Amino acid sequence: MSDPLAPPPLLADEPNRAAFRDYTQPGIDRVRDFYRNNHTHQTVDFVLGKKDKWLQFRQREMTPWEGLDYLNTLVDESDPDINLPQISHLLQTAEAIRADGHPDWFVLTGFVHDLGKVLCLFGEPQWAVVGDTFPVGCRHSDRIVYPEFFAANPDSQDHRYNSELGIYHPNCGLDQVHMSWGHDEYLYHLLKDYVPEPAQYMIRYHSFYAWHREGQYRHLTDARDEANLSWVQKFNPYDLYSKNPNPPVLAELKPYYEDLLAKYLPATLKL
Ligand SMILES: [Fe+2]
Ligand SMILES: [Fe+2]
């Protein structure tokens, strides 16, 4: 029997990638403005402050399903590809994973991977919650989307933070690296005790395109990161390309997903 946690092969048959993540399409100014704010303000001090504030999980308690319902009032400004309600995106992602016969924890990961966006509903601006993520505390890769906006980030002028390694040791492992603050890191800390390691990586690094797509920051990764990279890459097409204008019907699928949430997650989450 194959090991359900073994790294998967890369997809051979991916859909038309050029149709997604097109940052040149008309009406994309909101995305530029989003990244101008994100890249200007995501500094080491900013990230440490947000970790201090949000990783205490003192906002409110909800069942996982209530959390997803709550999230449903949000539309993501950073995303050039969807104007769908969040629950539709999550359901499409999860259903595409399920249709390909993956283990149920992988389906669960698809279903909850953006739940951390509830931070927006707790009053955080979108630029501090969504969008691509990147390490802070070291030089910004020029393969990050809209790299020109980092010129306005104070860390770019700070000698502690603007060398290739910055505050890190070579191959220290991503767990030691502070990522720009957002829903990925928040949800990772919320769920890390309940899901297997590949799912933790998918949740924590799904927006770290400079790593999982562009191959950057390999001087910071360790063997555990390298072993999990293929899982993060395996997850990505489901997140991107299952954004389909004819979504599955939630009411029909709700019993399956309620059981799946109950299998892995506690009855109540402290957000
Ligand atoms: Fe996300
Ligand atoms: Fe997503």
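This is a guided tour of the structure above, with a suggestion at each stop of what to select and what is found there.

**The whole chain**

Bear in mind throughout that this is a predicted model. Begin with the whole protein chain in a cartoon view, where eleven helices and two strands can be traced. Followed from the N terminus, the elements run α-α-β-α-α-α-α-α-α-α-α-α-β. Of the 271 residues in the chain, 40% count as buried, and of the contacts with a separation of 6 or more, 79% join residues that are 24 or more positions apart.

**Helix H1**

Select residues 29-41, which form helix H1. The 13 residues of this helix reach 18 Å from the first C-alpha to the last, close to the 18 Å expected at 1.5 Å a residue. Now show the side chains of Phe34, Tyr35, Asn38 and His39, which are the buried residues of H1. If you turn the view to look down the axis of H1, these buried residues fall within an arc of 115°, so they line one face of the helix. An α-helix has 3.6 residues a turn, so residues three or four places apart point the same way. On the face of H1 turned away from the buried side, select Asp29 and Arg30, both of which are exposed.

**From H1 to Phe150**

Keep His39 displayed and add Phe150, which lies in the loop between H6 and H7. Is Phe150 buried or exposed? Phe150 has 21 C-beta neighbours inside 10 Å, and because 20 or more are needed to count as buried, Phe150 is classed as buried. Leaving aside neighbours within four places in sequence, the contacts of Phe150 are with His39, His140 and Ser156. Add Thr40 as well: the C-alpha atoms of Phe150 and Thr40 are separated by 5.9 Å, although the two residues are 110 residues apart along the chain.

**Helix H2 and the loop after it**

Next, select residues 44-54, helix H2, and show Val47, Lys50 and Trp54, which are buried. Seen down the axis of H2, the buried residues fall within an arc of 65°, so they line one face of this helix. What covers these buried residues includes H6 and H7, and it is worth displaying both helices at this point. The face of H2 turned away from the buried side carries Asp45, Gly49 and Asp52, which are exposed.

Leu55 is found in the loop between H2 and strand S1 (61-62). Leu55 has 13 other C-beta atoms within 10 Å and is partly exposed. Select Glu185 together with Leu55, and the C-alpha to C-alpha separation comes to 9.4 Å for two residues that are 130 residues apart along the chain.

**Two further stops between H6 and H7**

Return to the loop between H6 and H7 and select Ile144, a buried residue with 22 other C-beta atoms within 10 Å. Not counting residues up to four places away in sequence, Ile144 touches Asp132, Phe134 and Ala210. Adding Gln216 shows a pair that is 72 residues apart in sequence and 9.1 Å apart in space, C-alpha to C-alpha.

In the loop between helix H6 (118-121) and helix H7 (183-191), select Asn171, which has a positive phi of about 50° although it is not a glycine. Most residues other than glycine have a negative phi. Asn171 has 14 C-beta neighbours inside 10 Å and counts as partly exposed.

**Tyr217**

Move on to Tyr217, in the loop between helix H9 (209-212) and helix H10 (223-241). Tyr217 also is not a glycine, and its phi is positive at about 65°. With 21 C-beta neighbours inside 10 Å, Tyr217 counts as buried.

**Where H5 meets H11**

For the last stop, select residues 104-112, helix H5, and residues 250-264, helix H11. How do the axes of H5 and H11 cross? They come within 10 Å and cross at roughly 105°, and the two helices are therefore roughly perpendicular to each other. Show the side chains at the contact: Asp104, Trp105, Val107, Leu108 and Phe111 in H5 meet Tyr257, Leu260 and Tyr264 in H11. The residues of this contact divide into seven nonpolar, no polar and one charged.

Terms used. Residues numbered from 1 in each chain as written. Chains lettered and ligands numbered in written order. Predicted model: local features only at pLDDT ≥ 70, side-chain atom pairs only at ≥ 80, totals over all residues. Axes fitted to C-alpha atoms, helices over the stretch in contact; angles between N-to-C directions. Helix = DSSP H or I, 4+ residues; strand = E, 2+ residues; numbered from the N terminus. Parallel < 35°, antiparallel > 145°, perpendicular 65-115°, else oblique. Contact = placed C-beta atoms within 7 Å. Nonpolar A, V, L, I, M, F, W, Y, C, P; charged D, E, K, R; others polar. Expected span 1.5 Å × (residues − 1). Buried ≥ 20, exposed ≤ 12 C-beta atoms within 10 Å, placed from the backbone. Arc of directions from axis to C-beta.
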